[in-house]
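Dear colleague,

I am passing on the structure below for your own look at it. My notes on the cavities and on one sheet follow.

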Amino acid sequence: MFDDEDKKTILIVDDEQSIIDILVYNLKKEGYNTIEANDGVTAVETALEKKPDLILLDIMLPKMDGLTACKKIKSALNVPILILSAKDEELDKIVGLELGADDYITKPFSVRELMARVKANLRKSEVPTVIQENKEKKEDHKIEVGDLSLDVDRFEVRVRGEKVDLTVREFEALKYLALQPGQIVSRELLLEKVWGYEYFGDIRTVDVTVRRIREKIEEDTTNPQILVTKRGVGYYIAKPE
């Protein structure tokens with residue numbers, strides 16, 4: 001048995017106590033610690049004070065909406081955030097992802113699916129696991145392709161020698177592509193390998209993540225030279241000429 005200190009802590013943010021109670025019951029059954037907040041302001045304060053391992057965040061909240069809370073939390077902490085919402089519109093999903101959310105699940109959701117996503121996002125947020133991906137050799141802790149350099153041990157990215165700050169998800173997506181420069185990777189495969197599960201219907205998640213990466217690594221996002229799109233197929237890291 002794990003001590004409480006060894007368990008992952010999940011912050012649940014929802015203004016419906018019945019939903020919180022269901023999530024607390026199921027998360028504790030899976031071996032997680034839980035903390036709660038019922039509004040956006042408390043969510044931000046609790047996240048910054050307690051530093052949970054993952055946050056389940058509703059959009060429709062009193063005092064401060066979930067998207068604003070997400071942005072504030074992400075500006076201070078690199079913690080996985082799963083948006084929970086009754087809204088199922090594409091725009092809401094994209095806005096949430098643009099503001100730094102790592103995942104999006106709509107109500108009503110199955111507890112089984114939610115638990116799978118919680119596990120996947122927790123697993124992907126653990127930096128040491130980044131080293132284990134793919135066919136990488138033990139000594140390959142640095143990946144260099146042209147102007148792009150990734151230090152897997154330090155979880156660090158540099159472009160033309162300049163350090164670039166990426167989220168865990170952005171780092172893993174870039175790393176997966178950089179391990180096979182010139183190889184076109186479909187969005188579906190990226191979802192499977194980087195997000196860790198089948199993500200039907202939300203393929204735009206990859207596009208949003210790629211756009212966020214490009215804003216940080218490309219000199220001209222309208223004419224990317226590092227992370228390139230193969231229209232209708234997927235993405236690849238350009239090999240140096």
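A cavity here is a set of points, on a 1 Å grid over the protein atoms alone, where a 1.4 Å probe fits but cannot get out, and its lining residues have an atom within 4 Å of a point; grid points are joined across faces, edges and corners, and a volume is the space filled by probe spheres set on the points. This is a predicted model, in which local features need pLDDT of at least 70 and side-chain atom pairs count only at pLDDT 80 or more, while totals for chains, interfaces and linings use all residues. Residues are numbered from 1 along each chain as its sequence is written, and side-chain values use heavy atoms, with hydrogens and water left out.

There are three cavities of 30 Å³ or more, and the largest holds about 110 Å³ of space. It is lined by 11 residues, of which Ala101, Asp102, Arg169, Thr209 and Arg212 are the closest to its centre. Helix 8 (204-217) and helix 6 (168-178) each give two or more residues to this lining (helices, H or I, of at least four residues and strands, E, of at least two are DSSP runs, numbered from the N terminus), and helix 8 gives the most, with three.

As for the sheet, four strands form an open, antiparallel arrangement in the order 6-7-8-9, where two strands pair if DSSP finds at least two bridges between them. Strand 6 (142-145) and strand 9 (162-164) are the edges, each pairing on one side only. Strand 8 (residues 156-159) is joined to strand 9 by three bridges, and valine 159 stands opposite glutamate 162 in strand 9.

Best regards

Methods. On a 1 Å grid over the protein atoms alone, a cavity is a set of points where a 1.4 Å probe fits but cannot get out, and a pocket is an open set with protein on both sides within 12 Å along at least five of seven lines; lining residues have an atom within 4 Å of a point.
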